[in-house]
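Here's a quick look at the internal voids and the cysteines of one protein model. Have the structure open while you read.

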Amino acid sequence: MGTACARELAVRGVAVTLVDRAEVSSGTTGVGEGNVLASDKDAGPELDLTRAGLALYDELEERIGSPARIRRKGALIVHTDEETWEREPARVERLLAYGLRCGLVDAGEVRELEPELTGEILGAAWFPDDLQCDPRAIARALAREARAGGADVRTGCEIETVSVPGGRVEGVRLVGGELLAAGAVVLAAGAWSRRVAETAGLELPLEPRWGQLVRLAAPRGGPPLIRRKVVDGSYMGSVTSRDPGLEVTTVLETTGDGDVLVGSSRARRGFDTAADPAVSEAMVTRAARLVPVVRDLPVAEAWAGLRPWLPDHLPAIGPSRLVPGLWVATGHEGAGVALGPVTGRLVAQAYCGERPLVDLRPFHPDRFAGQ
């Protein structure tokens, strides 16, 4: 979010300082799968944002080139449960009405697309335009573009507070006391945004939502074990759930190097980023119901990260009216890679008086005030 906002503002001639407490993409961006998905969405504001985000990846691929490692492999939402499968035709119709390319495929067609998916299934929804990318490389490229556009990129700088004397933002104060004066501040601190927002007096009920991934070592030399992104139909319910406890479902795909990446898990348990071997075992066991061969692959590594979660499952994007001069770009939960570049463009368009690509009203950062 931060590098995208900085890049889009800088190329419009705005004087920008990008402040990162570590190195660019060393937080949540650096540990994600790199998925850009419409397949897990439904009609509504988030889908509007997602469509614009997907379209922007055509431009990113042209600008950044091979380091972005964009793989347009598509996604299958696979159903093993009668209830989710019965609801899928209506969702696909809604998405088609939005202009997305998608359709239903039966179990036989799924196995033609994914020969190793031999577990019992009822069918799937197929989304050919979903893609995977390297979010670290993209974030770093955006930071380079911001610098080339005149931005000052400062890493290893941690913000202590947003300075709001007299009720209007006047900059940020760094740990150590230095004040960076600014007429506007864009808050794009991911899972850590709530604390920064509180220093400015903005109520933002954002929490870190922990998630773990497992990489399984796959044999080299042959075709990939999994050719597309494979998502269990229960995943969508897990994403939108407000339950703070652990939820495990199945997401499978092959990495750019040929290994198998297994997810997905969610829990709200603070800023703990420790990986849990029991969760790894649960994810692999569950994934093996769809793709039995993953049970025989050795675990290469497991790691966890923090998604910025908001209770209504919509990000906060745009200017605060309650705190003049404060702009917000956070709360995208697990869709930050997909929505980061377009969020940066939307913030810059709104700041510079352009008409935003997407209506920002559903994402207003003041919507939680007084709740």
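## Cavities and cysteines

By class, five nonpolar, no polar and four charged residues line the largest cavity. Keep in mind that this is a predicted model. The residues around that void are Ala 4, Glu 8, Leu 56, Glu 59, Leu 60, Arg 63, Leu 142, Pro 341 and Arg 345. Three elements each give two or more residues to this lining: α1 (2-10), α2 (45-64) and α9 (336-351). The largest share comes from α2, with four residues.

How many cavities of 30 Å³ or more are there? The count comes to two. Here they are side by side:

| Cavity | Volume | Lining by class |
|---|---|---|
| Largest | about 40 Å³ | five nonpolar, no polar, four charged residues |
| Second largest | about 30 Å³ | three nonpolar, three polar, two charged residues |

For the second largest cavity, the lining is made up of Glu 46, Leu 310, His 313, Leu 314, Pro 315, Gly 331, His 332 and Glu 333.

Now for the cysteines. Searching the whole structure turns up zero disulfides. Why does Cys 352 have no bonded partner? The closest cysteine sulfur, in Cys 5, is 11 Å from the sulfur of Cys 352, so the two are too far apart for a bond; a disulfide would need them within 2.5 Å.

Is Cys 102 buried or exposed? Cys 102 counts as buried because its relative accessibility is 15%, and the cut-off for buried is under 20%. Cys 352, in turn, has a relative accessible area of 32%, so Cys 352 is partly exposed.

How values were computed:
Residues numbered from 1 in each chain as written. Predicted model: local features only at pLDDT ≥ 70, side-chain atom pairs only at ≥ 80, totals over all residues. Heavy atoms only, no water. Buried < 20%, exposed > 50% of the residue type's maximum accessible area, 1.4 Å probe, protein only. 1 Å grid on protein atoms, 1.4 Å probe; cavity = no way out; pocket = protein on both sides within 12 Å on 5 of 7 lines; lining within 4 Å. Points joined across faces, edges and corners; volume = space filled by probe spheres on them. Nonpolar A, V, L, I, M, F, W, Y, C, P; charged D, E, K, R; others polar.
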